[in-house]
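Trainee: I would like to practise reading an assembly, starting with how its copies are related. Could we then go on to the strands inside a chain?

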There are 4 protein chains.
Amino acid sequence: MSRPGLILKLSCLDQPGIVAKVATYVANHSGNLIEFAQFSNQLGGKFFARLEIETEHLDVEVEDFIAGFATLGRSLQANWHFRRLPYRMKTAVLVTKTEHCLNEILWRAELDELPIEITSIIGNRSNCRNIAEREKIPFHRIDMDGDHRERGFEKIRELLVAQEVELVVLARFMQILPDDFCKAFAGRIINIHHSFLPAFIGANPYKQAYERGVKLIGATCHYVTADLDAGPIIEQEVERVQHFHTPNDLVRLGRQCERIALAKGIRYHVHDRTIIDEHRAIVFPD
Amino acid sequence: MSRPGLILKLSCLDQPGIVAKVATYVANHSGNLIEFAQFSNQLGGKFFARLEIETEHLDVEVEDFIAGFATLGRSLQANWHFRRLPYRMKTAVLVTKTEHCLNEILWRAELDELPIEITSIIGNRSNCRNIAEREKIPFHRIDMDGDHRERGFEKIRELLVAQEVELVVLARFMQILPDDFCKAFAGRIINIHHSFLPAFIGANPYKQAYERGVKLIGATCHYVTADLDAGPIIEQEVERVQHFHTPNDLVRLGRQCERIALAKGIRYHVHDRTIIDEHRAIVFPD
Amino acid sequence: MSRPGLILKLSCLDQPGIVAKVATYVANHSGNLIEFAQFSNQLGGKFFARLEIETEHLDVEVEDFIAGFATLGRSLQANWHFRRLPYRMKTAVLVTKTEHCLNEILWRAELDELPIEITSIIGNRSNCRNIAEREKIPFHRIDMDGDHRERGFEKIRELLVAQEVELVVLARFMQILPDDFCKAFAGRIINIHHSFLPAFIGANPYKQAYERGVKLIGATCHYVTADLDAGPIIEQEVERVQHFHTPNDLVRLGRQCERIALAKGIRYHVHDRTIIDEHRAIVFPD
Amino acid sequence: MSRPGLILKLSCLDQPGIVAKVATYVANHSGNLIEFAQFSNQLGGKFFARLEIETEHLDVEVEDFIAGFATLGRSLQANWHFRRLPYRMKTAVLVTKTEHCLNEILWRAELDELPIEITSIIGNRSNCRNIAEREKIPFHRIDMDGDHRERGFEKIRELLVAQEVELVVLARFMQILPDDFCKAFAGRIINIHHSFLPAFIGANPYKQAYERGVKLIGATCHYVTADLDAGPIIEQEVERVQHFHTPNDLVRLGRQCERIALAKGIRYHVHDRTIIDEHRAIVFPD
């Protein structure tokens, strides 16, 4: 990922010869295909692909390579997207009180597991301010209680736009996003839900899990849509539990699921390994 | 489990000295405690225990040991149950079309992983008849379609009573049990549900799972209560899936979860390793 | 897999344009690419691919399509292999005493999870004869004790050749294969080792695992090479264990790992989802 | 764990009546038994137990309760140990360059998942100094290169003794401990090994794992003994890998296993949930 290159994501109706055409375009310009992940959905008649291309020996400028692809892309009636490597995705992290997910993100970013640049940490509580300050990342405390909710979301949108944020991570942000907010950032908001969705939708999933007496708890990383807890799932993790685990134990054990599922989900998104297909997410894992 | 012995299951309100009293009773009669699993539910104020006792050197007859315990049991206002080892639990298996769960039970019984005696295989279809015949186990085809449903369940009850069945296993039996049936055999009916409950309650869970785009599928082994798919959970298994898995693939991958969760659940029950506590099951695994 | 089609496996030195060339060949003859899995090994400089092609609308006969590929294949200096679908792979299962792996294979084959035709079950003990007879599969008891070992392996080879066996599965076959046997069937012998290789090579791995006090046990499905327990690994499974599990419990719990790892490994092989790369196996899972 | 109480760990030769005697001692002094975990090793003839006792209503002083147990303990010829709750275990963390395990410990301590007081972070490199300073924990850089090794370990011992350290955690400390050091702190040194022991003993296990082509990698948390990588195992974690993962990917994926296994292992130890039985560790998990 550190070498100059391109990631191409593409989806279109399935039709003969797509792989040949796309790969030939790359080869004709001396692009070196590092990875070609593809999925022909036999049920839905759609085609999805992710290509990773070394551009060092391209016979044209990278911009021209990208621009020239449009002819093929349009002929396939495809949606496509190029990303130039190396890059760091501008990311805002929204939090409330708990900090374990935020910490996990910061730390994976530092280890270079997540190529992101955290533009700001935004909280409707101040609990995570000291972490932000320690990491020298701007912290914005936005009041969202009661009447302030609507204005609060406006302020967040202004911040995200001003900072040209590409990805919004809800790292245990305990506020339901307004529909228009979800739509404005469609496909660019990732949430971690502290249950194994679609089980235990809504509040206090660990308490629900305790009362139901499940033997496995989980966490779900998903894209946020206006339909609460129903967005496309990117990653899920589970952990075995027993009868002696209290709801507090489930919170403790669940933290680990949340951290891992969220970190993996962000990584897949930032590396362009996800393609949203209506209610489902195609994920080409690494 | 093959040596002469006893399993004692006991539950009561938590109170000082239970372990001491129970263990002292065993020790005073020269019982050898092989295993003493215990759980004090701090949230509900209840106490649960399972003891495994070698009886070879008891200073009284086993019947007297069991009878004599009643004084202590009543003073603790406990529910308790003794089982003499070795034993085989009389078990009826109810099936419809699919046979993988039935096969798993048969194999595990043959390998002596499940100390059960299968009194009969009962099907509302004939698909599993040949398996029953191969294993020389009586097969009963009971018509349950349309108007025959009520009479069908009556026939099953008659069979179970006549054969002194202690455990009814629903091995992908695709009929909803009547309430009175559930009550009559409360705590003695085990079902395998082909989803990770409480997700995907109801029909066609694999199709539901595909449409929701989950990244893990599962199976749940639980006691059957009148409240459909809501009985106490004994065991759950999951398997990772990806976007390219069709509903048929989920059925294939799910079979494995079903087989394992059901086999473990039956084993725990038959070895008296479960205690039902309202909506939850205490499970002391082995 | 049930529609007429082809699987193409190919490996060669990595070089520009391979995907384009191969996919173009398919497209030029109106082949419909269902799946194109590819791996460019950046460390070893090698390229591996597996294609699944629907051939219904090919503009040439399938034989001509296969034959015509040779020009491209040779120009890439590739190794390649076509397989026509649907097919069933002729498979011999070698056993000794334990039958759980054999049973798993039989049953997955019956459920059509494994497209194999079992030509024979060969045992150096008679324990599995009754299973073979029940399934109406020829059983060959070959004496391999003491002096009979060498002659025994000769007989097995004769059987395999006579039956045109394509795959030999060692389903807990407790004999070490002679070097020349391994070489003669290189890449076509799959073994299940009852440990998490490379831990606990050699005899009695569950006893070794107990003594070492591991917290997870496992099983490994691998190709057999002359170097014992060191062949390319196809699949591994693990199961959590605790201090109270005896070596016998590990045997019991390990059976499940063995069954699953072996079944998955055979499936990957038979669906041509594996490519051996020296000591490692490329596996494109399904 | 936050209420005043006691943990009692006990091991002795198995003999009739141990549970009764120990539980009766507790009950006779109005101790409230929260948890009584017990293991009778049928193979080795030994008995192990861990009791958690609320002491609020004891009829004697806690010191007297502890002292009075000695009569029973000696009569059982047992090893036993009481710990008063709440407590924090004085812990030194030894590091070299990598910091993910150290970070995990710090976080979990902060979240109160690990009741430890970190007395110092000791490194033979300076990489982790800034983390220590951020957390306001003394950092000691000890030169251990070449001739300084012996003197380095002496200095560490002096530090540990001066700070009354009860637990030494090797958080990816890349030095082999001298035998006498291991003996001096026997049962009080916990290491995280970055492989699924006993596979890949020694240097560079991820590279070894890549070359062997395993399909699961792991990490092992164990007590340190003079016999390198052979101490009693407390916890193990695994993660699935595929052919496309490079050794660097394994390092990345393995970090997660290391963090989880180490955190769990420390938690079990600090909560007195482990008892060392020669080469094996009894672990009563929570």
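Mentor: We will take the symmetry, the interfaces and then the strands, bearing in mind that this is a predicted model.

Trainee: How are two copies of a chain related in general, and what rotation superposes chain A on chain B?

Mentor: Two copies of a chain are related by a rotation about an axis and a shift along it. Here a rotation of 180 degrees, with 0.0 Å of shift along its axis, places chain A on chain B at an RMSD of 0.0 Å. That is the relation of a two-fold axis. The C-alpha of chain A nearest this axis belongs to A:A199, 2.3 Å away from it. Both copies use the same surface, since 96% of the contact residues of chain A recur in chain B.

Trainee: How many residues of chain A are in contact with chain B, and which elements give two or more of them?

Mentor: The size of an interface is often given as the accessible area lost when the parts come together. We count residues in contact instead: 25 residues of chain A meet 24 residues of chain B. Helix α7 (205–212) and strands β11 (233–240) and β13 (280–283) of chain A are the elements that give two or more residues to this side. By type, the chain A residues that touch chain B are 14 nonpolar, six polar and five charged.

Trainee: What turn lays chain A on chain D, and which residue of chain A comes closest to that axis?

Mentor: The turn is 180 degrees, with a shift of 0.0 Å along the axis and an RMSD of 0.0 Å. A:R134 comes closest to the rotation axis, its C-alpha lying at 4.2 Å. Of the interface residues of chain A, 100% are also interface residues in chain D, so the copies meet through the same surface.

Trainee: How many residues make up that contact, and how do they divide by type?

Mentor: Nine residues of chain A are in contact with nine of chain D. Helices α3 (100–110) and α8 (247–270) of chain A each supply at least two residues to this side. The side of chain A that touches chain D divides into three nonpolar, three polar and three charged residues.

Trainee: Now the strands. Is β1 of chain A largely enclosed or open, and why?

Mentor: In a regular strand the side chains alternate between the two faces of the sheet. For strand β1 (residues 5–13) of chain A, seven of the nine residues are buried, so the strand is largely enclosed by the rest of the structure. Seven antiparallel bridges join β1(A) to strand β4 (residues 79–85) of chain A, and nine, also antiparallel, join β1(A) to strand β3 (residues 46–54) of chain A. A:K9 shows both pairings: A:H81 stands opposite it in β4(A), and A:R50 is its bridge partner in β3(A).

Trainee: In what order do the four strands of the open sheet in chain B lie, and which are at the edges?

Mentor: The order is β2-β3-β1-β4 of chain B, with antiparallel pairing. The edges are β2 (32–41) and β4 (79–85) of chain B, each of which pairs on one side only. The twist from one strand to the next averages 10 degrees. Strand β1 (residues 5–13) of chain B is joined to β4(B) by seven bridges, and B:L10 stands opposite B:W80 in β4(B).

Trainee: Which helix lies across this sheet's strands β1, β2 and β3 of chain B?

Mentor: Helix α1 (residues 18–28) of chain B lies across them, running at about 20 degrees to β3(B).

Definitions and conventions: Residues are numbered from 1 along each chain as its sequence is written. Chains are lettered from A and ligands numbered from 1 in the order in which they are written. This is a predicted model: local features need pLDDT of at least 70, side-chain atom pairs count only at pLDDT 80 or more; totals for chains, interfaces and linings use all residues. Two residues are in contact if their C-beta atoms, placed from the backbone, lie within 7 Å. Ala, Val, Leu, Ile, Met, Phe, Trp, Tyr, Cys and Pro count as nonpolar, Asp, Glu, Lys and Arg as charged, and the others, Gly among them, as polar. Two strands pair if DSSP finds at least two bridges between them. Axes are lines fitted to C-alpha atoms, for helices over the stretch in contact, and angles run from 0 to 180 degrees between N-to-C directions. Copies are superposed by least squares on the C-alpha atoms of residues with pLDDT of at least 70 in both. A residue is buried if 20 or more other C-beta atoms lie within 10 Å of its own, exposed if 12 or fewer, and partly exposed in between; C-beta atoms are placed from the backbone.
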